[in-house]
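Biologist: I have the file open and want to go through it quickly. Can we start with the pocket and then move on?

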Amino acid sequence: MGCRARVAKRELLRVTAGSDADGRPAVVPDPTATSPGRGAHLHPTSECYELAVRRKAFPRALRFTAGAGLSAALLGEYLGQRDHQA
């Protein structure tokens, strides 16, 4: 979704539209790919995430109509923690 490079699905991270701890709409990581609803896939890297944010790709890919209200910060924190563990 971010960099638009094609790879096998198992190498990508699925994200869905959900809510953060405060109940606001947010892009939520779905590493097990089991959450219901429409999902989108991106490389689990900060570079791909930043490209997706810059292109405003999350609301479009998740078909979230109130696009300005969808926060991707939760996904950014998840990827940041994942980068630190690697």
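Biologist: Which residues line the largest pocket?

Modeller: The lining consists of Met1, Arg4, Ala5, Arg6, Val7, Leu12, His41, Leu42 and His43. This is a predicted model, where local features need pLDDT of at least 70 and side-chain atom pairs count only at pLDDT 80 or more, while totals for chains, interfaces and linings use all residues. Residues are numbered from 1 along each chain as its sequence is written, and side-chain values use heavy atoms, with hydrogens and water left out.

Biologist: What volume does the largest pocket have?

Modeller: About 160 Å³. A pocket here is an open set of points on a 1 Å grid over the protein atoms alone, where a 1.4 Å probe fits, with protein on both sides within 12 Å along at least five of seven lines; lining residues have an atom within 4 Å of a point. The volume is the space filled by probe spheres set on the points, which are joined across faces, edges and corners.

Biologist: How many residues of each class are in the lining of the largest pocket?

Modeller: Five nonpolar, two polar and two charged. Asp, Glu, Lys and Arg count as charged, Ala, Val, Leu, Ile, Met, Phe, Trp, Tyr, Cys and Pro as nonpolar, and the others, Gly among them, as polar.

Biologist: On to the sheet. In what order do the three strands come?

Modeller: The order is E2-E1-E3, in an open sheet with antiparallel pairing. That leaves E2 and E3 (39-42) at the edges, each with a single partner strand, so one side of each has no neighbour in the sheet. Strands are DSSP runs of E with at least two residues, helices runs of H or I with at least four, numbered from the N terminus. Two strands pair if DSSP finds at least two bridges between them.

Biologist: How many bridges do E1 and E2 have?

Modeller: Six, in the antiparallel sense. Threonine 16 has valine 28 as its bridge partner in E2, and arginine 14 has aspartate 30 there.

Biologist: And how many bridges join E1 to E3?

Modeller: Four, with the two strands again running antiparallel. Leucine 13 is bridged to leucine 42 of E3, valine 15 to alanine 40, and threonine 16 to glycine 39. Threonine 16 therefore has a bridge partner in E2 as well as one in E3.

Biologist: Which residues of E3 are on the covered face and which on the uncovered one?

Modeller: Ala40 and Leu42 make up the covered face, Gly39 and His41 the uncovered one. Leu42 and His41 also appear in the pocket lining.

Biologist: What is between E1 and E2 in the hairpin?

Modeller: Five residues, and glycine 23 in the turn has a positive phi of about 85 degrees. Aspartate 20 is also in that loop, between E1 (13-19) and E2 (25-30).

Biologist: Aspartate 20, buried or exposed?

Modeller: Aspartate 20 counts as buried because its relative accessibility is 18%. Buried means under 20% relative accessible area, exposed over 50%, and partly exposed in between, with a 1.4 Å probe and protein chains only.

Biologist: Back to phi. Which value does alanine 33 have?

Modeller: Near 55 degrees, which is positive although the residue is not glycine. Most residues other than glycine have a negative phi. Alanine 33 is in the loop between E2 and E3, and at 48% relative accessibility this residue is partly exposed.

Biologist: And what is the phi of arginine 63?

Modeller: Also positive, near 55 degrees. Arginine 63 is in the loop between helix H2 (57-61) and helix H3 (73-85), and is exposed at 61% relative accessibility.

Biologist: Where is serine 71?

Modeller: In the loop between H2 and H3. Serine 71 is partly exposed, at 28% relative accessibility. Its C-alpha atom is 22 Å from that of histidine 84, 13 residues apart along the chain.

Biologist: Last one. Where is glutamate 77 found?

Modeller: In helix H3. Glutamate 77 is exposed, with 51% relative accessible area. The C-alpha separation between glutamate 77 and cysteine 48 is 14 Å, and the two are 29 residues apart along the chain.
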